[in-house]
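Notebook open, coffee poured. I want to look up a few spots in this structure and jot down what turns up.

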Amino acid sequence: MSHDHDHHAPGSAEADERRTFASINPATGDVVGVHPVHDEDDVRAAVARARASAGWWAGLDFAGRRAVLTQWRGVLTRRLAQLCDVVHQETGKPHGDAQLECTLTIDHLAWAGSHAEKVLGRKRVSPGMLLANQAASVEYLPLGVVGVIGPWNYPVFTPMGSIAYALAAGNTVVFKPSELTPGVAHWLADSLREVVPDHDLLQVVTGFGDTGAALCRAGVDKVAFTGSTATGKRVMAACVETLTPVVVEAGGKDALLVDEDADLEAAADAAAWGAFANAGQTCAGVERIYVHEKVHDRFVDLLAARARGVHAGVDVDAKIGPMTMPGQLDVVRRHVADALDRGGRAVVGGAEAVGDRFVQPTVLVDVPEDSAAVTEETFGPTVTVRKVRDMDEAVELTNAGKYGLGSAIFTGGDGEDLARRLRTGMTSINSVISFAGVPSLPFGGVGDSGFGRIHGPDGLREFTYAKSVTRTRFKAPINLTTFDRTPEQETMVATLLLALHGRASQLPKLPRRPLETIRGRRRS
């Protein structure tokens with residue numbers, strides 16, 4: 001779950017001169033910690049250390065790696081409150097939200113460790129009739145060293161979606177966190193080092209965009225990036241110099257569809273959570289809602305009531321925290337202003353809801369589909385609601401966007417056919433963002449939301465390469481790969497091929513048409 005690094009964080013120019021930078025509590029402005037700005041040499045050294053440990057880690061069998069990851073999971077679980085506090089300090093999000101993020105992370109780590117062998121281990125496959133004398137197998141081997149470039153909005157859950165699966169697949173990892181949340185990254189790496197003190201399984205390099213670019217060029221075997229689409233393109237451009245493959249989880253403009261037979265109370269509750277939780281700083285959060293015309297007004301009333309019951313702040317009753325990245329306030333302000341200027345109306349919140357650190361929940365209606373609030377990722381606690389004549393129109397409007405990450409549907413039916421029609425990598429029916437919490441499901445998008453997958457079997461395979469092996473079991477009756485092949489053998493092969501595949505590919509006979517009809521078409 002995204003979002004971009006802030007290349008203009010407060011004090012970043014001074015920090016570069018001192019070769020250190022501070023992470024700041026966005027709710028209070030207090031300094032949380034000071035970290036080095038790692039340069040290209042630092043990054044290359046970290047990758048070299050990871051490379052030196054990669055052979056040992058890959059050499060452990062699946063059970064050995066699973067044992068290490070199980071121990072690490074125990075450390076994370078026992079010190080959950082400590083980790084959540086670091087997340088809270090650096091992002092400003094409430095402790096409860098930090099705990100939810102870390103809880104899901106631990107569940108994913110458990111799944112990756114326990115399923116790696118089943119997904120990646122050697123399997124025999126059929127060699128087919130023509131090469132029946134061969135034994136064929138495939139297994140998925142680790143790439144070596146994986147570079148992970150992570151975001152600040154879910155500084156544990158999102159990067160660990162790559163880190164945990166890359167480690168389980170047998171790779172070592174060099175992690176470049178967002179400059180807004182370096183303390184979380186160091187906490188994670190330090191906790192694993194307690195389990196395995198003598199090997200560099202997970203290292204952290206800190207800094208700004210240049211440090212991330214250095215990681216792309218440092219000779220890692222793959223880069224897993226989460227952030228904005230624009231930064232994802234820059235990461236790909238840096239990786240192309242060394243032909244380093246990438247998996248990109250970029251932004252989203254996720255839609256929620258509400259059908260006429262939906263449970264409106266449940267839909268409004270889920271929509272409010274999807275739109276406002278984590279101060280809207282969720283790439284797979286709800287940013288636009290399409291509601292059947294028969295229930296539109298009732299749904300808006302219910303959502304508005306929910307929105308009025310949620311506020312951003314630092315008090316004990318605050319359900320959401322500050323905007324973690326200061327620059328994102330300007331984006332939210334611009335999107336809300338554009339929506340209102342273009343004839344939209346704020347049912348809750350509005351222009352005055354965007355403050356210096358916090359944004360209060362905002363529900364916008366009657367917003368044109370070509371406005372920035374509908375087409376661009378807002379990444380704040382705002383949402384647009386549009387009335388549609390039916391779900392066909394809702395699907396059409398959803399698919400018209402350039403993003404294709406997640407989506408949600410509320411309906412009285414099963415919703416499966418509707419979900420299949422949405423051009424998104426993931427859909428939740430009668431809930432929001434549930435797909436992210438299911439470890440066995442792949443997570444990722446299409447279009448401007450990126451490509452490749454983390455989580456699930458696809459996420460494990462993402463950090464491997466397929467190794468195919470054949471072994472001759474007995475001498476072939478017909479050897480196809482020799483210069484000693486005879487014409488008689490070639491005739492036998494042709495006969496065998498016809499028996500195997502010839503009839504299946506016969507075309508159906510076309511009805512005969514009068515010659516005059518054919519000639520007449522040619523003349524016309």
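I started with Met-129, which sits in the loop linking strand S3 (123–125) to strand S4 (134–142). I'm working from a predicted model here, so I keep that in mind for every entry.

Is Met-129 buried or exposed? I looked up its relative accessible area and got 57%. Exposed means over 50%, so Met-129 counts as exposed.

Next I checked which residues join Met-129 in a surface patch. I found a nonpolar one made up of Met-129, Leu-130, Leu-131, Leu-497 and Leu-500. Together they offer about 450 Å² of accessible area.

Then I turned to Ala-268, which I found in helix H10 (residues 264–276). Its relative accessibility is 1%. The cut-off for buried is under 20%, so Ala-268 goes down as buried.

I also looked up how far Ala-268 is from Asn-430. They are 162 residues apart along the chain, and their C-alpha atoms are separated by 11 Å.

Last entry: empty space inside. How many cavities of 30 Å³ or more does a search of the whole structure find? I noted 4. The largest has a volume of about 60 Å³.

I wrote down what lines that largest cavity; among the residues are Thr-91, Lys-93, Asp-97, Trp-152, Asn-278 and Pro-322. Sorting its whole lining by type, I got 4 nonpolar, 6 polar and 2 charged residues.

Methods. Residues numbered from 1 in each chain as written. Predicted model: local features only at pLDDT ≥ 70, side-chain atom pairs only at ≥ 80, totals over all residues. Heavy atoms only, no water. 1 Å grid on protein atoms, 1.4 Å probe; cavity = no way out; pocket = protein on both sides within 12 Å on 5 of 7 lines; lining within 4 Å. Points joined across faces, edges and corners; volume = space filled by probe spheres on them. Nonpolar A, V, L, I, M, F, W, Y, C, P; charged D, E, K, R; others polar. Patch = residues over 30% accessible without salt bridge, like charges linked within 9 Å, V, L, I, M, F, W, Y side chains within 5 Å. Areas by Shrake-Rupley, 256 points an atom, 1.4 Å probe, with all protein chains shown as cover. Salt bridge = Lys/Arg side-chain N within 4 Å of Asp/Glu carboxyl O. Helix = DSSP H or I, 4+ residues; strand = E, 2+ residues; numbered from the N terminus. Buried < 20%, exposed > 50% of the residue type's maximum accessible area, 1.4 Å probe, protein only.
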